[in-house]
Amino acid sequence: MIDSIINSTLLLAVPLVLAALGGAIHRRAGVVNIGLEGQMLVGAFSGIIASTATGSWLVGILVGGIGGALAGLVMSLVITRLSANEIIVGLGFNIVALGIVGFTLRAVYGVSGTLRFPDQPRLPRITIPGLDEVPILGAIFSGKDVLFWFAVLLVPFLAWAFANTRWGIRTRATGVSESATASLGVRTLGLRDAAGTIAGMLAGLGGVALALGVSGLFNENMIAGRGFVALAAFYFGRSRPLPTALACLLFSFFDALQIRLQTSGGFPSDLIQTLPYIAVVAVLAWAGYTGLRRRTRMTA
């Protein structure tokens, strides 16, 4: 049971970690990305269509990432070039993305809600010989797909890039004070658009991980609030890669636990399904309380 929960937790965490790290990049540039939900949906839809049409999971990853990147760029341009409110734009984008995807499902494929292909390619899982049967370690390291390992490597890479590269330092400076950074000759709008594009790409890959890695099908409601959970994760982690990823793991653990409790029976399913979201609210409340106490001490 422990191995099963660990394995499920890590697989369910991949879409969240990718989307949350994208949101953290955008937040470091000074924009709160409320559109992660829609960008994940675009990535999942375009990825599953492309992979089925070509028979290649790799093409699905590429197209899903590109679809998310284009969605992120369009949303960022509306915010940076038209000076639109980021909250309204993000919420509007989520609604538009859901509407377009739902219309396409009905108009092109003649289905409502769920799109399933019999020969749907899946992300291959890498089994490590000799480690697969080892308790706990096998559940952690073996049987994971390529996007899992990409997410694992992305966490330390982003932490390093934020602190040691010109792009990372300028992105953080833009988020702290756009006017001061622009006075040094830095193209702050371009940096924010680049951050929005990267955020959309990572959110799109998160959608691909959910569609091709976790479920193997597409449903217009499959994101199910994960974009907002990713938003909560990078807020909890203060846009730092490692704490953000750990927050995603916490939600995924409760998500895996509620699935396990539902299959075992004996618990009200409607109540059990709310368990991950209750955990997120509790963690955010605790983070807000500790942050308030910290600020109170500083001003005392």
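Contacts between residues far apart in sequence dominate this predicted model: of the contacts in the chain with a separation of 6 or more, 74% link residues 24 or more positions apart. The fold that makes them is built from 13 helices and four strands. Its radius of gyration comes out at 20 Å, which agrees with the value near 19 Å for a compact globule of 300 residues. Along the principal axes, the C-alpha atoms fit in a box of roughly 55 × 50 × 40 Å.

Turning to the inside, 48% of the 300 residues are buried. The largest nonpolar core takes in 56 residues, and Val17, Leu21, Leu147, Phe218 and Met222 have the most contacts inside it. Several helices chip in with at least two residues each, namely α1 (2–28), α2 (36–54), α4 (86–108), α6 (146–164), α9 (188–215), α10 (226–236) and α11 (241–264). Helix α1 gives the largest share, eleven residues. Apart from this core sits another one, made of seven residues that include Val31, Ile79, Phe93 and Ala97. As for Leu147, leaving aside residues up to four places away in sequence, its contacts are Val14, Ile61, Leu123, Leu205, Val208 and Ala209.

On the outside, the chain exposes about 14,200 Å², with carbon and sulfur atoms supplying 69% of that area. Leu58, Leu62, Val63, Ile66 and Leu70 together form a nonpolar surface patch of about 450 Å². Leu58 belongs to helix α3, which spans residues 57–81. With a relative accessible area of 44%, Leu58 counts as partly exposed, and that value clears the cut-off of over 30% used for patch residues.

Key. Residues are numbered from 1 along each chain as its sequence is written. This is a predicted model: local features need pLDDT of at least 70, side-chain atom pairs count only at pLDDT 80 or more; totals for chains, interfaces and linings use all residues. Side-chain values use heavy atoms; hydrogens and water are left out. Patches are made of residues with over 30% relative accessible area and no salt bridge: like charges are joined within 9 Å, nonpolar side chains (Val, Leu, Ile, Met, Phe, Trp, Tyr) within 5 Å. Accessible areas come from the Shrake-Rupley method with a 1.4 Å probe; for residues, only the protein chains shown count as cover. A salt bridge is a side-chain nitrogen of Lys or Arg within 4 Å of a carboxyl oxygen of Asp or Glu. Buried means under 20% relative accessible area, exposed over 50%, partly exposed in between (1.4 Å probe, protein chains only). A nonpolar core is a set of buried Ala, Val, Leu, Ile, Met, Phe, Trp, Tyr and Cys residues joined through side-chain atoms within 4.5 Å. Contact means heavy atoms within 4.5 Å. The radius of gyration is taken over C-alpha atoms; the globule rule is 2.2 Å times the number of residues to the power 0.38.
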